[in-house]
Each structure stands twice: as C-alpha cells, then as structure tokens.
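Visitor: I would like a close look at a single part of this model, the surroundings of its bound molecule, and then at whatever in the fold can be followed outward from there. Please take it slowly.

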Amino acid sequence: MNAETHIAERNAHWRDALAAQSANAAKVRPLQAEGKLRRVVGLTLEAVGCEAPVGARCMVAGADGAQLETEVVGFSDGRLLLMPTGEMHGVLPNARVTPCAGVSGVPVGDALLGRVIGSDGAPLDGQGPLLARERVPLRRDPINPMARQPIDTPLDVGVRAINSLLTVGRGQRIGLFAGSGVGKSTLLGMMTRFTDADVVVVGLIGERGREVKEFVDHTLGVEGRRRAVVVAAPADAPPLSRLRGAQLATAVAEHFRDQGKRVLLLMDSLTRYAQAQREIALAIGEPPATKGYPPSVFAMLPALVERAGNDKDGRGSITAFYTVLTEGDDYRHDPIADSARAILDGHIVLSRDLAEAGHYPAIDIEASISRVMPAVVSKDHMKAAQRFRQVYSAYRQQRDLISVGAYQKGSDPRTDEAIALYPHLSAFLQQETDEPVSLEQAAEGLVDVARSGAA
Ligand SMILES: Nc1ncnc2c1ncn2[C@@H]1O[C@H](COP(=O)(O)OP(=O)(O)OP(=O)(O)O)[C@@H](O)[C@H]1O
Ligand SMILES: [Mg+2]
C-alpha cells in the first residue's frame, strides 16, 4: 500500500469514526489501533504504535484494570504525547493505549442549572446524576466577527460604581484586574446575584478548593444558585483539567446563548487558565518566551475570550468577566494582564490601597475603563460620568498634599471643589454586598452627585 492510499484510508476511517461519534456522542468507540506506553515524565505520557489527532482522547490501561483518560497534546518522532485529564496513578510501563474516536462531548442543558460540575462534566455537588441528554464539543469556533450583533444595550450588574461609571454593555467582555485578597470573589459574587441575566455560568479555575464550597454556599446563596451553573477545576486539578474547566464553562454559556438567553459568564481566573496552558506547553517542549509563558498561551487567550459576546441575530448574548491576577499588584508588567487588556473590551482594576482603607468594592475608577460605555448610555449619563471622574481625579492628584495639610485652601478653585465633594464621591462608590443598586438608581445618583458640585 502506498503512502497516499494509506492516508486516504486513515482519513476515511477517522471520518467514519467521527460520524459515528456524533450520532451517539456519549458512547466511547475505540479504534482498532492500539499502542504502548513508553515513557512517563512528569504529567506527560509518551505512546508508540498508535495514531490519533491532537485533542483526541486515548485510554491508558492502569495496573488495577482501571482506564486512565488522557488527551493527545502533541507528537514527536512517531510518539504521541498525552496528558491525563484526571488523576494519574497506577500507570505501568508498556501499558495498553487505545485511541478513542471523536472528540469528547460535554453535557449541557437546563439540567445543569443549580449544579456544580467538574471539568469533565461530572457533578461535584452530591445531588445525584446529571440528567442532561445533550452533549456538545468542548471547543468551538467563535462567531464570525462580521456577523456579530454590535453591543448597544446596557447590562445592569447591580453594582453602583460599575453601573454608573463603567457601564457594561450586553455582550461585552471585561477584565477584572486585581492582586490577591482585594475582593475579586466578593465582587463576582455580587454580580452573580444582582445581574439582570437569565443564566449565570461561573468558572472557578485554578483557585483554592476550599473557595469553591465557600463561593457556592455563601457568596452565591440559595437564590443565586437557582439560575447558576458552577464549573470548578481547582488548583490541585491537573493542568489539562483546569484548561478544560474554562472551556467547559464557555461551552455551557454558548449553549444557553444559542437558546436566546442572556448569559453572564464569570471566569475566575483567566491567569490560572493561562498558567495551565503554560504547564502543558512547557511539559511537551514548547520554548518559553515572555516571563516563562510559551507563545501558544497568547494564542489560547483570545481563542477562549472571543467565544463570548453577542450572537448573530441579537437574541442571545454572553457578557463575560474574566479575573486577571496581577503580580505584586502591578498589572502593567504582567504579560497575561497585558495580553488580556488588549483583547478585552474594558477593564476594572481593584486597588489594594482602597481595600486596605475599607473602601469596598475597591474599584480604582481612574485606572478602570469600559470601552463600550459611550455606545450604551445617554449623553447626560456620559457627561455626568466625565464630570465625576474629573473632580475625583483632581482630589486624588492633590491627595498627598491635602493629607499632610500642605494644601492652602483657596489656591485652586478646582481643588477646593474637589475637597468639598470628595466625601460624597467616595461614599457613592461604596456599597454593601447585600444591597443591589440598579442601573437607573446608579445613573440618577451619578447625576445628583455631579450636580451637587455645580450648584
Ligand atoms: N465588598 C466587600 N465588603 C466588605 N469586605 C470585603 C468586600 N470585598 C472583600 N472584602 C474583604 O476582603 C476579603 C477578601 O475578599 P475576596 O475573597 O473577595 O478577595 P479575592 O480577591 O477573591 O481574594 P483571592 O485572591 O484570595 O481569591 C474578604 O474576606 C473580606 O474580608
Ligand atoms: Mg478569590
């Protein structure tokens, strides 16, 4: 048999296998070719004697008869490079490796509402099996940018500082930049409960396992949970599982968007997603580039983020918030933060100074921006927001002088006005975690605060 016929036969074989798989995606149908495990280094397994495309599933026979699920992450010199999607133990040298046909589907549907699932789609909440009949592929192409509906409707997230000064549009993708412990999870929790959305999908990726329970039980609460789907892949999950967790959360959000629902997708965090890809890429030999991140990381970020947004006919939408961890609280020198800022339609920066001063939510208004705000709010609202920012900045710029008493009252009318107004502005930006503030209330409040200075 010559090489061409061989390839043609292989392709036909894969095509048939894929067709069979999509007919019954839940079933695993092994291909004939079997390989052997030759090497295991860290989390990378090397198999010889079988062929499968990148992204395909392979089962590796374990010592106790169990099957370990792996995914093809690369190949080299006739060897398939595999990574486990779950825990890896009991793997023996020369173990049998069986490629499975098709891509692994994940469960979607209304049955997921109120549930907490792992990155493999299996329930983690002990509330019985998932009754989701529909399955979709984990990875999907984003909607053609030319076919997308533009962002033109504001979305009420129930947080005054955001609704008034950083108004979010339906279908917008925003980064939430912050160091550790300054209130990311708390702010996401407020939005989960208050946002005017049909479905909320929360991806908890690479965070502490303890936090998953805390988020579900306390932050989300019974009320918030009813319309929410939580996908959890905590820090101790293997990198592939963390990567898939983020993709699964996105796939679940896409499913609800396809049904015409307004979806809020919260991903905590995009940085851990990038770090999972870094672990995988480095393990299979991709050279590191910026700060140890290989180039593939910077290709994976937009591929994930671009899946959110409005759909073609403007019925369904995914408005997404991605948290981005900032090393040493400086988001300007972090390659992931830098890349995220470039691909997202706005960023909200949380400041440690504000958090330490007990100012919550600790949103740094000066450093934050919503790029779609002018397209979704009225001219008056925009004007009031600009005025608020001007007065607020005037105070912050002179803050050091004012606090040591070096500013002479009367030397600059703008600063005098800012000093008089600042307590009101600062109070306006703060909010309790259990009191939602609607878009309308926030806009009215903003106009009042801005007007009080003009009077
Ligand atoms: N809106 C708020 N009101 C009062 N306290 C808050 C608020 N937000 C955060 N805090 C305080 O800050 C602490 C840390 O908040 P949170 O867990 O939300 O931060 P985080 O940025 O998610 O932290 P990590 O980086 O550890 O995940 C909370 O335990 C709480 O004490
Ligand atoms: Mg947190």
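How far is an oxygen atom of ligand 1 from a polar backbone atom of valine 182?

Guide: That distance is 3.3 Å, between an oxygen atom of ligand 1 and a polar backbone atom of valine 182, and it counts as a polar contact, a pair of N or O atoms within 3.5 Å. The model is predicted, so local features are given only at pLDDT of at least 70 and side-chain atom pairs only at 80 or more, while totals for chains, interfaces and linings use all residues. Residues are numbered from 1 along each chain as written, chains are lettered from A and ligands numbered from 1 in the order written, and side-chain values use heavy atoms without hydrogens or water.

Beside valine 182, glycine 181 also offers a polar backbone atom, which lies 2.9 Å from an oxygen atom of ligand 1, whereas serine 185 takes part through its side chain, with an N or O atom 2.7 Å from a ligand oxygen. Of the 630 Å² of accessible area (Shrake-Rupley, 1.4 Å probe) that ligand 1 has on its own, the protein covers 66%.

The surrounding shell (residues with a heavy atom within 4 Å) is made up of Ser180, Gly181, Val182, Gly183, Lys184, Ser185, Thr186, Glu207, Arg208, Glu211, Tyr360 and Thr433. By character, the shell divides into two nonpolar, six polar and four charged residues, with Gly counted as polar and Tyr as nonpolar. Helix 3, residues 184-194, gives the largest share of this shell, namely three residues; helices here are DSSP runs of H or I with at least four residues, and strands are runs of E with at least two.

Following helix 3 away from the ligand, one meets helix 4 (residues 209-226), against which helix 3 packs at about 30 degrees with the two axes 9 Å apart. Helix 3 and helix 4 are therefore roughly parallel, the term for angles under 35 degrees on a scale from 0 to 180 between N-to-C directions.

Tyr360, another member of the shell, is joined to proline 361 by a cis peptide bond with omega of about -10 degrees. Proline 361 sits in the loop between helix 9 (352-356) and strand 19 (369-370). Most peptide bonds are trans.

A second cis bond joins aspartate 268 and serine 269, with omega of about 10 degrees, and serine 269 belongs to the loop between strand 15 (262-268) and helix 6. Helix 6 (residues 270-283) in turn packs with helix 5 (residues 239-258) at an angle of about 140 degrees, their axes being 8 Å apart. Helix 6 also crosses helix 7 (residues 295-305) at roughly 135 degrees, the axes coming within 9 Å. That makes helix 6 oblique to helix 7, and helix 5 is likewise oblique to helix 6, since neither angle is over 145 (roughly antiparallel) or from 65 to 115 (roughly perpendicular).

One backbone detail remains, at aspartate 77 in the loop between strand 4 (67-76) and strand 5 (79-84). The phi of aspartate 77 is near 50 degrees, a positive value in a residue other than glycine.

Technical notes: A polar contact is a pair of N or O atoms within 3.5 Å; within protein, one must be able to donate a hydrogen and the other to accept it, and residues adjacent in sequence count only if both atoms are side-chain atoms.
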